[in-house]
Each structure stands twice: as structure tokens, then as C-alpha cells.
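Visitor: Could you take me in for a close look at the place where two chains meet? I'm a first-year student, so please explain the terms as you go.

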Amino acid sequence: MKMLLVAEYRDGKLLANINELLGFAAEMSADIAVFLVGTNDLLPKFQGQLYLADVGKHLEYNPDSHKALLLQVVEKELPDFIVFSHSSYGWDLAPRLAFALGVSQISEVVAVAEGCFVIPACNAKLRRQVKSLSLRTVLTLQVGAFSAIDNPDTLPTVLPIDTDEVPHAHFQGYEAAAQGGVDLTKAGIIVSAGRGIGKPENVAIISALAKALGGEYGASRPVVDAQWVEHNRQVGTTGQSVAPKLYVACGISGAIQHLAGMKKSEFVVAVNTDRDAPISEIADVLVVADLKQFIPALTEKIRSL
Amino acid sequence: MKILVCMKQVPDMESKFKLSPGALWYDTADLAWRMNEYDEYAVEQAVRLKEQVGTADITILSIGPDRIKETMKKALAMGCDRGVQVADDVAWAKDPLAIAGIIAEYARSKDFSCIFTGMQSQDRGSGQVGVLLAEMLGFPSVTTIVDFTHENGEYLVKRELEGGVKAIVKVKGPAVFTCQLGLNSPRYPTLPNIMKAKKKELLTIPVEQLQKTAPQQETTRIFFPEKKGGGLILEGDIPALADQLIKILKEKTSVLA
């Protein structure tokens, strides 16, 4: 079995997610080659061939030319699988490649079973097992689903590639994340509000518990999108990744993007009326209760300790 | 300017899911249905674009059984001008390529200058349909947009990347955009607009007329994930629950010390 793994550059740095793709390939005992639009200065560490295109010419985001470059490599390597991370780069580029090759793409793979790929369904409440019917298959792997491997002392053999494909989408640069505000990464205790808080007035319930515990309050994405809590308190893939001693998830169902940002917490308490919510999978304690009643009662008792 | 919005009806994700007989999908009985959350942002952005350019015609397209018309009416009440239901009782079983193929077959040679979709559906979540549709039509596409501006047929959008960083991308129309949560604030339909929506055209096309792309993958089973770790589940009376949790926090953590 042969796999072509796709590494990523972001803001001049090689992203570590290539190590998870290497881990996946090792788990599958696959022969590998790696594709990267990057530079010679920062290379992924593995033994084998690296097809390298110049990021100065092809930019970090330029799906038309990255697709054209990948097609060249697929033609040479004839891989059974072309593997991306299910990242903003991967989910954008993978379907373009799959379509150009006329093959299937299976998105956000979390496991392999019976020659099929397992992916989440319905906000991770269900799992779906999918079989590819095409000669090759494009995969995107859920971030964190496969163990990363790190070979600190190995370097690949570099094969330069190039194309003169004319892009249709023009990358103008990055806009940095909003700065300032609250550094949740240093908080020892975080109480987070999810959609289940119901209305903006209830943020006060969450912040009151955080204060009683001597911690900070955070929020999941829907609460930030609704502008009930400012973005600099968002926990998750597009916010902050936290690792407190105690994380209290209030009315948070547990989308993978949120779990990715808080699963390193030492102790997780979830308060949710839905005992099937995915957050229950990683919670040490799940309190099945209406948070609007439970959290104020808890806060009161903690204050009087 | 002609605008197309692709929308999917999905179950409320808070639902208690059951597996369908044969375990290839969830049981669709007894579920509350709503508009795929990401698609609400797609509809809203289309309506805002129409408001900006003055004259535009927005088609809302959805694939599925008769019940999807209810959700399509919400999109019409939000400001879409006409609806196209591609009638398909087994849309749930179709892979992203087949779904994109159906939409492309409809959209080809209809002169759309801008197409919006959600970045993914909440139930299948492949995140592929918008991009595949664009590739089929030969349009450029930008995924996961959280900001959108339009000027003279040119679009300046921001893609959401990891860690709160955004990539700024400029693209010329016709183009496809897949919408991320937070792109805008989707409006609630007003009562007068709900009444007006009832008079808007809602065309039904049998899927057989548009179905030309063969699937490349199939579902072999659907199942509930195993509960890992076996965390403790507390239920019951509120004051007692609070006492129980405090006891556990004292035993298992140092936060109340």
C-alpha cells in the first residue's frame, strides 16, 4: 500500500500535523511519499521522498497551483491513498484533488475498520463506516485522531517540483488573531459557557461560578458567534487551547473543535441535560441537570465553603 | 445578478438519535427538522449581497423529500426569491460527489454569478459539496469564509484558519463560497415576510432529471461511538448534586483546597 501525505506550511512554519499523517501511515504499514509547498529550510522529518514546491512562488494558499502540483506527484507515485489533515488547508484542497482524479474523498477519518474508514456523523453523536469504491482514495484525518510520530534525526530526499498553473483565487495575506484580553492558557480553573446557557444574560451565571472557584470563564464557538462572550475567551480549534486543572463545561455539547481545545484539562466536569452529548465521552463527571438551576446552587455552596 | 444558495434540511442535533433498520443511516421518524446551521449564514449572505447590489434574484435549492419544503420556506421568508426542490427520497444515501453532480446539473448554463453553501452539513459533514460543485462548474471556490465583501464582480473574503487567524483571498466571479459560522447574523423571518414567502415560486424537479454522476463511496454501517473511560454520571435533586460534585472535586482535584 502506498500513501502520499500532504504537509502544510503556515506563516513560514511547517505545521506539526504532518507527524499525525506519518503516524497514520505507520499504523497502516504503508509506503510513503510526502508533498509540501514549503522551503528547504524546514522539512518534515521522515525517511523517504519529499516532493517540494517553492512556497515563495506558489504561496501557502493557492489551491489551483497546489492541486496542479499534487496531480504531477500522483501521476508519478500512483498512491492508493492521498492523505491530508482535516484542517483549513486540507478540507479546502482535498475535494479539488479528488475531483480532478475522479476518485472519492472520505472526510475527517477517526479510525480504520474492516477495510473501511470511520467518520463522525451528526455532530459526533454517531459514527459512519464508509467504503471507497474508487481506484485511489483521498482522505482527510481528524486532527488528534491518530498518534503523531516524531523522527528527530531523519531527513527526506528532496525532489523539487514546479508548475505554471495560473491561480483563480488570489491570496492577499493573513489577518492575525485578535490580540489582548484573557489568556486562558494560563488559567488553572476554567468554567465555559456553551449554547445550552440559552441567553446572553446567563453568561453571568457562568462567570459567577468561575469567580467563586478563583478561575476564569470561557465559551464555546456558538456563544462567541452570537456575541454573548468576546472572542478572546473562546476555547477550541479557532480559539485558545487550554489545559487547566479543572474545566467545567456548561451546556456545551462537545463538538470536536471544542474538545480539541480542552481535552488536555486534568479534570473535566460537564453539566448538560443531554446525557448523550459527545462531551460526556471525555468528561470525568457528567452532571445531568439544567445548568440554570444547578450552577447557581453550586456557586452558592462553593462560596460558603 | 443571479445568486444560488444550496441548503440542506437536517435534524435538530440535540435530538435523541436512533439507527434506521439496516443501520445505514439514522431513523428519520420523530425528529425535529431545521435548516443546516451553516446554510443559515449562506442564505443571509446571499440576501445581504442582493441588498447591496439592488437588483438580484436568489434561488434556494435543496435536495430531499417533501418535508424539506418547510425549511425552504424559511429561506424564502429570509429573502430568497424562488425555491427549487430536487425531489429525492433517498438523498440521505448519496455521496458528496453525487449530490454536487445534481446541483451542478441544475446550475450549469443558468448564469449564476455567485453561489453560497454552508461549509458542511451538520449530519454528514463531509465539507466537500461546495468545492466539488465549483470544480464541476469550472468556478473558483473559497471555503470557510467568515467575512465577505463584493465590488464590481470581485469578491474579497476572509477564510477562517486555525487559532483565530484568517486568510484574505480575492476572487473574480462567478464563484462559490462555503460559509462558516459567524460570517454574519442570520435574520429571523418577520411575519409579513413569512406571509409573502407563501406566494413565492417553489418548483419541484424529480432527481432523475439531474442525476448523472455515479457515487464513489458507500456507507457500510452507522453506529453509536463506544463510551470511553466511563465518566461518572450524576443525576437527581439539585442541592444534592451540588454537594456530590463538591465532594468529588475535593477528593479528585486540588481546586477547592
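Guide: Here is a walk through the interface of chain B and chain A, with a short stop inside chain A at the end.

First, some ground rules: this is a predicted model, where local features need pLDDT of at least 70, side-chain atom pairs count only at pLDDT 80 or more, and totals for chains, interfaces and linings use all residues. Residues are numbered from 1 along each chain as its sequence is written, chains are lettered from A and ligands numbered from 1 in the order in which they are written, and side-chain values use heavy atoms, with hydrogens and water left out.

Let's start with who touches whom. Contact here means heavy atoms within 4.5 Å, and on that basis 80 residues of chain B meet 76 residues of chain A. The size of an interface is often given as the accessible area lost when the parts come together. Buried area is just that loss, worked out with a 1.4 Å probe and summed over both parts. For chain B and chain A the figure is about 7,000 Å², with 57% of it on carbon and sulfur atoms.

Now for the charged pairs. A salt bridge is a side-chain nitrogen of Lys or Arg within 4 Å of a carboxyl oxygen of Asp or Glu. Chain B and chain A have eleven of these between them, while the count over all chains is 40. Look for Arg195(A) and Glu37(B), whose closest N and O atoms are 3.0 Å apart. This pair crosses from the loop between β14 (189-193) and α5 (203-213) of chain A to helix α1 (residues 37-53) of chain B. Helices (H or I, at least four residues) and strands (E, at least two) are DSSP runs, by the way, numbered from the N terminus. Another salt bridge links Lys301(A) to Asp243(B), with 3.3 Å between the closest N and O atoms.

What does chain B bring to its side? Among the elements that give two or more residues are α4 (129-137), β7 (141-151) and α6 (238-252) of chain B. The largest share comes from α6(B), with eleven residues. By class, chain B's side splits into 39 nonpolar, 19 polar and 22 charged residues; Ala, Val, Leu, Ile, Met, Phe, Trp, Tyr, Cys and Pro count as nonpolar, Asp, Glu, Lys and Arg as charged, and the others, Gly among them, as polar.

The chains also share a strand pairing, which takes at least two DSSP bridges between two strands. Strand β13 (residues 169-175) of chain A runs antiparallel to β9(B) over six bridges. Within that region, His170(A) stands opposite Lys170(B) in β9(B). Follow chain B onward to the loop between β9 and β10 (175-179), where you'll find Pro174(B). A cis peptide bond joins Gly173(B) to Pro174(B), with omega about -5°.

Finally, here's an interface inside chain A. An automatic or database domain assignment supplies the bounds, giving domain 1 (2-160) and domain 2 (184-303). Their C-alpha centres lie 33 Å apart. Seven residues of domain 1 are in contact with six of domain 2, and the two domains bury about 500 Å² between them, 48% of it on carbon and sulfur atoms. The rule finds two salt bridges there. Lys125(A) and Asp274(A) form a salt bridge at 2.9 Å, N to O.
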